[in-house]
Amino acid sequence: MIEPTTQAAHPARFPDRVRSSGKVHLQMRVEATGRLAGIRVLESSGHPQLAEAAMAAARDWCYLPAHRDGRDTGGDVEAWFHFNVVTWPQSGKAPQAEASAPRPPPR
């Protein structure tokens, strides 16, 4: 079986009004067509704005379905989003978040 993956996984945009670091672990359900069927927060550092920013990024990704026995099938893929504030930029614009590469859930 080949696990589902993402294609064009762009990083999350750091929320404008959040000035603290955090992390969000998401699970995305991918249909056999490659369509995103749902997103679930598996773990979060407690900042709702960071979780929403991670989910917004995941909604914009392109997904590839899993393959089993020569057929496309649905499945889950996970990704960690790390929002790190080292210093606030002088420009006043929000820093960018880092997102790890999506991976299938552990078995």
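In which strand is the place of H25? Work through the exercises below to find out. The model is predicted.

**Exercise 1. Place H25 and find its side-chain partner.**

Solution.
- Step 1. Locate the residue. H25 sits in strand β2.
- Step 2. Judge its burial. The cut-off for buried is under 20% relative accessible area. H25 has a relative accessibility of 9%, so H25 counts as buried.
- Step 3. Look for a polar partner. The side chain of H25 makes a polar contact of 2.8 Å with the side chain of E78.
- Step 4. Locate the partner. E78 belongs to strand β7.
- Step 5. Judge the partner. E78 has a relative accessible area of 6%, so E78 is buried.

**Exercise 2. Describe the surroundings of β2.**

Solution.
- Step 1. Count the buried residues. In β2, 7 of the 9 residues are buried, so the strand is largely enclosed by the rest of the structure.
- Step 2. Take one neighbour, β7. The two strands run antiparallel and are joined by 9 bridges. Within this pairing, K23 stands opposite H82 of β7.
- Step 3. Take another neighbour, β3. Here 7 bridges join the strands, and they too run antiparallel. L26 has V41 of β3 as its bridge partner.
- Step 4. Follow the chain from β2 to β3. The two form a hairpin, with 5 residues between them. In the turn, G34 has a positive phi of about 95°.

**Exercise 3. Analyse the helix α1. How many residues does it have, and which of them are buried?**

Solution.
- Step 1. Get the length. α1 has 13 residues.
- Step 2. Check the span. From first C-alpha to last, α1 reaches 19 Å, close to the 18 Å expected at 1.5 Å a residue.
- Step 3. List the buried residues. They are L50, A51, A53, A54, M55, A57 and A58.
- Step 4. Think about the spacing. An α-helix has 3.6 residues a turn, so residues three or four places apart point the same way.
- Step 5. Ask what the buried residues touch. The buried residues of α1 pack against β2, β3, β4 and β7.

**Exercise 4. Take apart the largest nonpolar core.**

Solution.
- Step 1. Recall the general trend. In soluble globular proteins, nonpolar side chains tend to be buried together.
- Step 2. Get the size. The largest nonpolar core has 21 residues.
- Step 3. Pick out the members that touch the most others. They are V24, L26, M28, W61, Y63, F81 and F83.
- Step 4. Trace the elements. β2, α1 and β7 each give two or more residues to this core.
- Step 5. Find the main contributor. α1 gives the most, with 7 residues.

**Exercise 5. Sort the aromatic pairs. How many aromatic pairs does the structure hold?**

Solution.
- Step 1. Count. There are 2 aromatic pairs.
- Step 2. Examine W61 and Y63. Their ring centres are 6.4 Å apart and their planes meet at 45°, so this pair is tilted. Both W61 and Y63 are buried.
- Step 3. Examine W61 and F81. This pair is stacked, at 5.5 Å centre to centre and 20° between the planes.
- Step 4. Trace the chain. W61 lies in the loop between α1 and β4, whereas F81 is in strand β7. They are 20 residues apart, and the pair links distant parts of the chain. Both W61 and F81 are buried.
- Step 5. Put the rings together. Ring pairs link W61, Y63 and F81 into a cluster.

**Exercise 6. Examine D69. Is D69 buried or exposed?**

Solution.
- Step 1. Locate the residue. D69 lies in the loop between β5 and β6.
- Step 2. Apply the cut-off. Exposed means over 50%. D69 has a relative accessible area of 77%, so D69 is exposed.
- Step 3. Recall the backbone trend. Most residues other than glycine have a negative phi.
- Step 4. Compare. D69 is not a glycine, yet its phi is positive, about 55°.

**Exercise 7. Summarise the whole chain.**

Solution.
- Step 1. Count the elements. The protein has 1 helix and 8 strands.
- Step 2. Write their order. From the N terminus on, it is β-β-β-α-β-β-β-β-β.
- Step 3. Give the buried share. Of the protein's 107 residues, 36% count as buried.
- Step 4. Consider contact range. Take the contacts with a separation of 6 or more: 70% of them are between residues 24 or more positions apart.

Conventions
Residues numbered from 1 in each chain as written. Predicted model: local features only at pLDDT ≥ 70, side-chain atom pairs only at ≥ 80, totals over all residues. Heavy atoms only, no water. Core = buried A, V, L, I, M, F, W, Y, C linked by side-chain atoms within 4.5 Å. Buried < 20%, exposed > 50% of the residue type's maximum accessible area, 1.4 Å probe, protein only. Helix = DSSP H or I, 4+ residues; strand = E, 2+ residues; numbered from the N terminus. Expected span 1.5 Å × (residues − 1). Contact = heavy atoms within 4.5 Å. Pairing = 2+ DSSP bridges. Polar contact = N/O pair within 3.5 Å; in protein donor to acceptor, adjacent residues only side chain to side chain. Phe/Tyr/Trp six-rings, centres within 6.5 Å; stacked < 30°, edge-to-face > 60°.
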